[in-house]
Amino acid sequence: MKMSNDFISKLQIYFSYPFVWYALIVGLLIALCSSLLGVTLVLKRFSYIGDGLSHVAFGAMAVAGIAGLTNDMYVVLPITVISAVLLLRTGQDAKINGDAAIAMISVGALAIGYLLMNLFPSSANISGDVCTTLFGSTSILTLKETDVIVCIIMSVIVITAFLLFYHKIFAVTFDESFMKAAGVKADVYNLIIAVITAIIIVLAMNLVGSLLISALVIFPALSAMRVFRSFRSVVICSACVSVFCAGAGIFISIMCGTPVGSTIVVGDIAVFLVFWLASFVRKGRT
Amino acid sequence: MKKKVLSVLFTLTLFMLGSCSQKPSDSANALIDAIVSEAASTDTVKTTSEAVSAEALTAQAHGDPSVDIDLTVMNSTMIYSIIYDMMINAEDYCGKSLMVDGYFDTMVNEALGASYYFVVIPDATACCVQGLEFILGDPEKAAEGYPETGKDIRVKGVFDSYVEEGQNYYYIKADELTLL
């Protein structure tokens, strides 16, 4: 009883700080948005796009740091969007296929970014900045009110776009060729998916860091696919799993002092194992 | 594959059930008897110790009640985040008392001929650090000198600001400086 009272007291103390609420709001929104796109990206065999684009964003951040910009979003977001469009729109006619293109851009941007940060350091603690960007250990807990407002606006745009174009996104995910043959502009919807993906990746870097973004995108979708079969149910389940794991991960990180990004990803892995086990049990019964 | 997974799970379950059904050894039984008899004979002592342990637990949760923000009882994630928030929203923290652990560091501004003293707080992986400037409020303590650079210290004081060369700087007006 005493332990639970002290736990609640500690909880009250920690949640009296506004940045904790900012972290929860932003974390849940980012988790929701990334899970919605995650299903499409996994089915289109672009699971590793999160990693690639996050490394591009890392390189763009290095450029923004050298340029001395106070708000690196002016550089990071456009460069990431352009990269997403190039990667996701190349399609089947590309000379360099999807996974090779992602790998090329990913490692190239990471190397260039780290080189620039070392040649033109914008702070005294380069390794600290790199570590925070790559792993997102506490960056979600260092958000300002303006960051939260920007994130809310972008999340609303992403969710609205997903809801408005749900049927087209469904069609371009499963049968792009048929869509083109039916006269629907599949390229436009691929472009929309690319732009939304870029926005989500840039936002998600604050939550889990560059290296762990792919987990945030793919694990909820893969977990849902173990149990559900229809696109709609997979999307809904993926969203629920992602939001739950993000909320639990942030909560555990705050109470136990663990890094936020990796705690969330470990939660995603645990849920995936549970769903995987559940699929085994279900197959055994049928 | 399914059979392999089920057999592994079955084996693990057997191990767990087997360990639960293990009979306690004679020495374990003696220990349990000793604990029970000790508990039966120390009711009044237990009440006092319960009260003390309750206070200790409360202090562990809330920290030093004489300060508004006790960072010494928080985990590294919260410490780093709160200090970052203090740097960004410093005005919200001015006038609040706090207590913080870290290591001591100094900086000299040769142009002004001034020395600055910091308590540096690393995060859990020690790759990121935050430093809080502090100034000993008591002139006698300040005259005793500051510890060696790198020594672990605890600083207790009030968060305040000063103006130097037209810029606002925030620091801890330290009432206590303890070597850990």
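Let me start with one residue, A:Phe7, which at 40% relative accessibility counts as partly exposed, because the partly exposed class runs between the cut-offs of 20% and 50%. Please keep in mind throughout that what you see above is a predicted model.

Where in chain A does A:Phe7 lie? The residue sits in helix α1 of chain A, and on the surface it has company, since A:Phe7, A:Ile8, A:Phe251 and A:Ile252 form a nonpolar patch there, with about 340 Å² of accessible area together. If you look for the elements behind this patch, you will find that α1 (2-14) and α12 (231-256) of chain A each supply at least two of its residues.

Having met two helices of chain A, we can step back to the chain as a whole. Its secondary structure comes to 13 helices and zero strands, and, of its 286 residues, 51% count as buried.

Let me turn now to chain B and to charged side chains. Side chains of opposite charge can pair when their charged atoms come close. How many salt bridges does a search of the whole structure find over all chains? The search finds three, and I will take them one by one.

In one of them, the side chains of B:Asp64 and B:Lys156 meet, with 3.2 Å from N to O. B:Asp64 belongs to the loop between α3 (43-62) and β1 (69-70) of chain B, while B:Lys156 belongs to strand β5 (residues 152-164) of chain B, so this pair ties together parts that are 92 residues apart in sequence. Are these two residues buried or exposed? Both B:Asp64 and B:Lys156 are buried.

Another salt bridge joins the side chains of B:Asp101 and B:Arg154, at 2.7 Å from N to O. This pair, too, links distant parts of the chain, with B:Asp101 in strand β2 (residues 97-109) of chain B and B:Arg154 in strand β5 of chain B, 53 residues apart. Here B:Asp101 counts as partly exposed, at 24% relative accessibility, and B:Arg154 counts as partly exposed as well, at 27%.

The remaining salt bridge brings us back to B:Lys156, which pairs with B:Glu176, the closest N and O atoms being 4.0 Å apart. B:Lys156 in strand β5 and B:Glu176 in strand β6 (residues 167-179) of chain B are 20 residues apart, and the pair again links distant parts of the chain. With a relative accessible area of 17%, B:Lys156 is buried, whereas B:Glu176, with 35%, is partly exposed. Through salt bridges that share partners, B:Asp64, B:Lys156 and B:Glu176 are joined into one network.

Finally, let us look at empty space inside the model. A search of the whole structure finds two cavities of 30 Å³ or more, and I would like to describe the second largest, in which about 50 Å³ of space lies. Which residues line this cavity? From chain A the lining takes A:Phe19, A:Leu141, A:Thr142, A:Leu143 and A:Lys144, and from chain B it takes B:Tyr84, B:Asp85, B:Ile88 and B:Asn89. The largest share of the lining, three residues, comes from helix α4 (residues 76-88) of chain B. Sorted by class, the lining has five nonpolar, two polar and two charged residues.

Key:
Residues are numbered from 1 along each chain as its sequence is written. Chains are lettered from A and ligands numbered from 1 in the order in which they are written. This is a predicted model: local features need pLDDT of at least 70, side-chain atom pairs count only at pLDDT 80 or more; totals for chains, interfaces and linings use all residues. Side-chain values use heavy atoms; hydrogens and water are left out. Helices (H or I, at least four residues) and strands (E, at least two) are DSSP runs, numbered from the N terminus. Buried means under 20% relative accessible area, exposed over 50%, partly exposed in between (1.4 Å probe, protein chains only). Patches are made of residues with over 30% relative accessible area and no salt bridge: like charges are joined within 9 Å, nonpolar side chains (Val, Leu, Ile, Met, Phe, Trp, Tyr) within 5 Å. Accessible areas come from the Shrake-Rupley method with a 1.4 Å probe; for residues, only the protein chains shown count as cover. On a 1 Å grid over the protein atoms alone, a cavity is a set of points where a 1.4 Å probe fits but cannot get out, and a pocket is an open set with protein on both sides within 12 Å along at least five of seven lines; lining residues have an atom within 4 Å of a point. Grid points are joined across faces, edges and corners, and a volume is the space filled by probe spheres set on the points. Ala, Val, Leu, Ile, Met, Phe, Trp, Tyr, Cys and Pro count as nonpolar, Asp, Glu, Lys and Arg as charged, and the others, Gly among them, as polar.
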